[in-house]
Amino acid sequence: LPPSPSPTPLHPPPITPPASPPPLASPPPTVTPLDRVAAAMSSVYSATDYPPEMCIDGITENQGAELNFCLSELDQPDAWLSVTLPQGSIVSEVVVYGRSDCCNVRFLSGFEVWLSDAVGVPGADAYKCGGPIEIIEDQATVDVVSCGLRRGTVVTLLLPGASSTVMISELAVRGYQALASPPPPPLLPSPSPPPSPGAPPP
């Protein structure tokens, strides 16, 4: 009888190392009040009273002996208030504080909030965060408008129409500062080509 074939040795299956756990995601940036660098309006009520800076001074109450709000000329077309933010701002939401004592239905109803990089009436490249927003309470209104964490350096409150007036107590902006991109590496000079054969030395 021919010899029996040698049994095939059994090899254990290869051991697969356990998969590495996925890296932990970075926590989302904390949304905080953003600095407001400057404010401007389509027009001003007077050279001394109720300037646009009063809408970014951190005072949201305006009851008492001295009212604290910014005010444009009355009944102007497409009245606006623009607030400039630092470069690299990511805007989460805009908070619009109406007057605490009166007048919000008349002067604030129908406002829009826009985000862009230019002061004034929003252009074609501006992003509309919200509006028109109708005001139903005449006193102490606080409206929060989401901008969806978009990048921009100018928030504009716009009252579109042929006859409108900006008069609010405060415009606050919440979001965070994006990390600045590192500068590009310096350009190195290109090496000089080798001289052609037979060319005289320089």
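Buried means under 20% relative accessible area, exposed means over 50%, and partly exposed lies in between. The exercises below concern a predicted model.

**Exercise 1.** Classify C102 and C103 by burial, and describe the bond between them.

Solution.
- Step 1: C102 has a relative accessible area of 22%, so C102 is partly exposed.
- Step 2: C103 has a relative accessible area of 19% and is therefore buried, since the cut-off for buried is under 20%.
- Step 3: The sulfur atoms of C102 and C103 are 2.2 Å apart, and the two residues form a disulfide.
- Step 4: The torsion about the S-S bond of C102 and C103 is about -60 degrees, so this disulfide is left-handed.

**Exercise 2.** Determine the handedness of the link of C55 and C70, and state which parts of the chain the pair ties together.

Solution.
- Step 1: A sulfur-sulfur separation of 1.8 Å goes with the disulfide of C55 and C70.
- Step 2: The angle about the S-S bond is -90 degrees, and the link of C55 and C70 is left-handed.
- Step 3: C55 sits in the loop between β2 (38–41) and β3 (70–71), while C70 belongs to strand β3, so the pair ties together parts 15 residues apart in sequence.
- Step 4: C55 has a relative accessible area of 0% and is buried; C70 is likewise buried, with a relative accessible area of 0%.

**Exercise 3.** Locate C129 and C147 in the secondary structure, and give the handedness of their link.

Solution.
- Step 1: C129 and C147 form a disulfide with their sulfur atoms 2.0 Å apart.
- Step 2: The link of C129 and C147 is right-handed, with 105 degrees about the S-S bond.
- Step 3: Strand β7 (residues 127–133) holds C129 and strand β8 (residues 142–151) holds C147, so the pair ties together parts 18 residues apart in sequence.
- Step 4: C129 and C147 are both buried.

**Exercise 4.** Place the disulfides in the context of the protein by giving their number, their pattern and the order of the elements.

Solution.
- Step 1: Searching the whole structure gives three disulfides.
- Step 2: With bonded cysteines counted along the chain, the pattern is 1-2, 3-4, 5-6.
- Step 3: The protein has one helix and 11 strands, and the order from the N terminus is β-β-β-β-β-α-β-β-β-β-β-β.
- Step 4: Of contacts between residues at least 6 apart in sequence, 80% join residues at least 24 apart.
- Step 5: Of the 202 residues, 36% count as buried.
- Step 6: The protein exposes about 13,000 Å², and carbon and sulfur atoms supply 61% of that area.

Key
Residues numbered from 1 in each chain as written. Predicted model: local features only at pLDDT ≥ 70, side-chain atom pairs only at ≥ 80, totals over all residues. Heavy atoms only, no water. Helix = DSSP H or I, 4+ residues; strand = E, 2+ residues; numbered from the N terminus. Buried < 20%, exposed > 50% of the residue type's maximum accessible area, 1.4 Å probe, protein only. Contact = heavy atoms within 4.5 Å. Areas by Shrake-Rupley, 256 points an atom, 1.4 Å probe, with all protein chains shown as cover. Disulfide = S-S within 2.5 Å.
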